[in-house]
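Here is a quick tour of one protein chain, written for someone just getting started. Have a look at the picture, then read along.

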Amino acid sequence: RDRNFLRITAGLTLSQQRQEEGIPKMDVFAWVDDQRERNSRAFYQLLEQGRATWTPRYIFNRCCVKWLVDGNVEYGEYYDEYSPRNGCNGGCNRDHPCITLQFDANAKSTIATLSHPLDPFVRCLDCLVAQEKAWPLSATEYCLDGYLRANETFLCSQNGFGSHLIKVAREEREASDAAQVAALEEEEQSRRPTKRPRRNESEGEGSSVLDAGDFAKAMDVALKQRLQIDLQDDPLTLFCMRRVCKSFKKIATLIASAKVKMLDLTVTPLVNGRQRYGESKVNGYDTETFDDDGFGGPDGPEYAAEYVKRDTVALAFHESSDAGKGGYQPVNTADAATFAWDSGKLDCNANEDAYEAEAAYCGQMLRIYFHPSHADPIQAPSRENMYGEAKPSLGFLVAQFNLHQPSKGSCVNVSNLHGSVGIRYEVMECNTLETEDVEEEEEEVVEYETDEEAEDGYYHPVATKGVECRKKHIQFSGSIKILEVQIDFGVLVRLHARKVASELQLKISTILQERPLTRTEKEYLQVVAAAAK
């Protein structure tokens with residue numbers, strides 16, 4: 001009966017796999033029998049291992065060994081219905097042992113109930129009893145110190161059995177988390193210093209209450225003596241201060257305004273960008289000269305845009321002569337601030353996938369980098385080439401601007417999506433040259449053989465003439481002078497907040513194994529997430 005069933009189903013579902021393994025079609029049923037025999041031997045080997053681990057024998061004989069080892073069956077890409085190591089689908093009619101955890105709200109403890117008193121379960125809980133972290137209530141029930149989440153993490157990390165054998169109802173976990181959060185917040189509240197009662201004017205001249213003017217003077221002294229030093233390299237704290245009150249917002253704004261004038265910024269001009277397609281599109285990939293906009297999709301990057309790098313332009317902050325805020329201007333305005341490009345002749349008729357096609361030309365790009373100092377809370381990201389070899393860091397890319405065909409003689413002001421970084425430049429020269437050239441001469445047939453001259457029905461050419469092949473080309477060239485770069489303090493806040501958010505994710509994953517997050521921790525996460533946007 002099994003063989004007849006396999007003739008209908010297995011020959012279709014396993015044919016592709018057998019072809020890849022080089023098995024002839026005539027041996028398909030012998031191959032299936034061989035696989036079943038191998039898996040049968042593997043199952044009995046698994047059964048013997050289970051009998052040695054999950055004692056006593058009389059309890060194990062009622063249990064499903066596939067459940068004890070692998071849990072429920074998981075259907076996926078690598079699922080093998082004949083393998084004994086794919087879990088149990090629930091049709092075994094055998095017991096599925098587990099440890100069920102419940103929360104005791106009165107004792108603030110965890111109750112562990114064993115469905116079957118198997119030795120690996122009993123040894124684990126007896127070990128806690130020996131450490132005075134638990135005590136038995138019966139042969140199959142234990143009371144564990146502490147809230148449910150920490151005990152669940154401990155039991156799931158045991159080597160004697162898998163985490164799938166620990167069962168916790170959602171209601172029990174929520175009740176334990178709520179009680180634990182309440183206890184944590186009560187403890188946190190008790191650690192806070194008690195507020196002194198506010199004095200009123202009836203207490204006479206001895207009152208120490210500061211008026212608005214005295215408060216402003218006191219904060220001014222604190223700003224000059226300590227806050228400027230302590231907070232100028234802490235953008236996230238300044239971001240939080242701006243949300244406290246008007247006085248703190250004023251202080252934070254003053255510190256941020258001073259910090260934003262002390263940055264190390266550079267502009268990297270990239271010219272003659274061209275899209276590259278095919279298997280060699282990422283050959284020589286370098287984050288400094290390649291654009292990742294074409295990267296993505298389930299099948300990898302569609303194309304890679306490669307540019308030619310010009311000399312990096314260093315910037316320094318200059319105060320504005322008028323009421324403006326000032327900005328970063330090139331250090332050497334005579335030479336380094338100006339860069340030029342020339343695309344060469346581009347084929348107007350070529351397919352867009354061609355490297356020399358007009359459609360593949362991306363124009364120019366300006367990239368602005370921030371280089372943090374040792375005092376800054378963030379450090380420049382490391383950089384590697386496509387072979388994993390370390391290369392000098394470029395700093396943080398804070399903005400990039402695409403310039404395909406700028407207009408000559410204009411001073412352009414552009415900003416990024418957030419409006420936090422802007423650049424002003426002057427188009428010194430911009431040329432577009434269209435030409436039509438004779439690339440090669442092709443032969444065109446003007447006369448064929450006659451019916452009498454043709455042999456076997458084939459007409460061969462007897463006369464040809466040369467025909468010119470003309471191609472249209474376009475060429476872009478020009479030069480641009482960088483005038484000024486504007487940057488907002490929010491750029492530093494975002495970079496710092498993203499670093500803090502990354503560190504918090506690691507910290508939170510550890511905390512959640514022991515307890516839920518408190519209200520204060522959740523609020524801090526929300527503030528960091530808002531600053532990172």
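Before we start, one term: two residues are in contact when they have heavy atoms within 4.5 Å of each other. Keep in mind, too, that this is a predicted model.

**A serine and its neighbours**

Let's begin with Ser343, which sits in the loop between β11 (338–342) and β12 (346–347). Is Ser343 buried or exposed? Its relative accessibility is 4%, so Ser343 counts as buried; the cut-off for buried is under 20%. If you leave aside the neighbours within four places in sequence, Ser343 is in contact with Asn272, Arg274, Tyr361, Gln475 and Phe476.

**Rings that pair up**

Two of those partners, Tyr361 and Phe476, turn up again as an aromatic pair. In general, a pair of aromatic rings is described by how far apart the centres are and by the angle of the planes. By the rule used here, the count comes to nine aromatic pairs. One of them is Phe317 with Tyr328: the centres are 5.2 Å apart and the planes stand at 75°, so this pair is edge-to-face, given that anything over 60 degrees gets that label. Phe317 belongs to strand β9 (residues 313–318) and Tyr328 to strand β10 (residues 327–330), with their positions 11 residues apart in the chain.

Tyr361 and Phe476, on the other hand, are stacked, with 5.3 Å from centre to centre and 15° between the planes. They link distant parts of the chain: Tyr361 is in strand β13 (residues 361–370) and Phe476 in strand β19 (residues 461–487), 115 residues apart.

How do these four rings sit with respect to the surface? Here they are side by side:

| Residue | Relative accessible area | Label |
|---|---|---|
| Phe317 | 21% | partly exposed |
| Tyr328 | 1% | buried |
| Tyr361 | 4% | buried |
| Phe476 | 5% | buried |

Elsewhere, Trp54, Phe121 and Phe161 form one aromatic cluster.

**A sheet with a helix on it**

Next up is an open sheet of five strands, in the order β3-β4-β2-β1-β5 and with mixed pairing. Which strands are at the edges? They are β3 (134–138) and β5 (166–168), and each of these pairs on one side only. From one strand to the next, the twist averages 30°.

Inside this sheet, β1 (residues 99–104) and β2 (residues 109–114) pair in the antiparallel sense over six bridges. For Phe103, the bridge partner in β2 is Thr110. Helix α7 (residues 119–130) packs on the sheet and touches β1, β2, β3 and β4 (141–145). The direction of α7 makes about 45° with that of β4.

**Two helices side by side**

Now jump to α13 (residues 490–511) and α14 (residues 519–532), which pack at an angle of about 145° with their axes 8 Å apart. Their crossing is left-handed. On the α13 side, the residues that meet α14 include Val493, Leu504 and Ile508, while Tyr524, Leu525 and Val528 are among those on the α14 side. What kinds of residues make up this contact? They divide into 12 nonpolar, no polar and three charged.

**The whole chain**

Stepping back, the chain comes to 14 helices and 19 strands. Of its 533 residues, 35% count as buried. Take the contacts between residues at least 6 apart in sequence: 63% of them join residues at least 24 apart.

Terms used
Residues are numbered from 1 along each chain as its sequence is written. This is a predicted model: local features need pLDDT of at least 70, side-chain atom pairs count only at pLDDT 80 or more; totals for chains, interfaces and linings use all residues. Side-chain values use heavy atoms; hydrogens and water are left out. Axes are lines fitted to C-alpha atoms, for helices over the stretch in contact, and angles run from 0 to 180 degrees between N-to-C directions. Helices (H or I, at least four residues) and strands (E, at least two) are DSSP runs, numbered from the N terminus. A crossing is left-handed if the near helix is turned anticlockwise from the far one by less than a right angle, and right-handed if clockwise. Ala, Val, Leu, Ile, Met, Phe, Trp, Tyr, Cys and Pro count as nonpolar, Asp, Glu, Lys and Arg as charged, and the others, Gly among them, as polar. Two strands pair if DSSP finds at least two bridges between them. Rings of Phe, Tyr and Trp (its six-membered ring) pair if their centres lie within 6.5 Å; planes under 30 degrees apart count as stacked, over 60 as edge-to-face and the rest as tilted. Buried means under 20% relative accessible area, exposed over 50%, partly exposed in between (1.4 Å probe, protein chains only).
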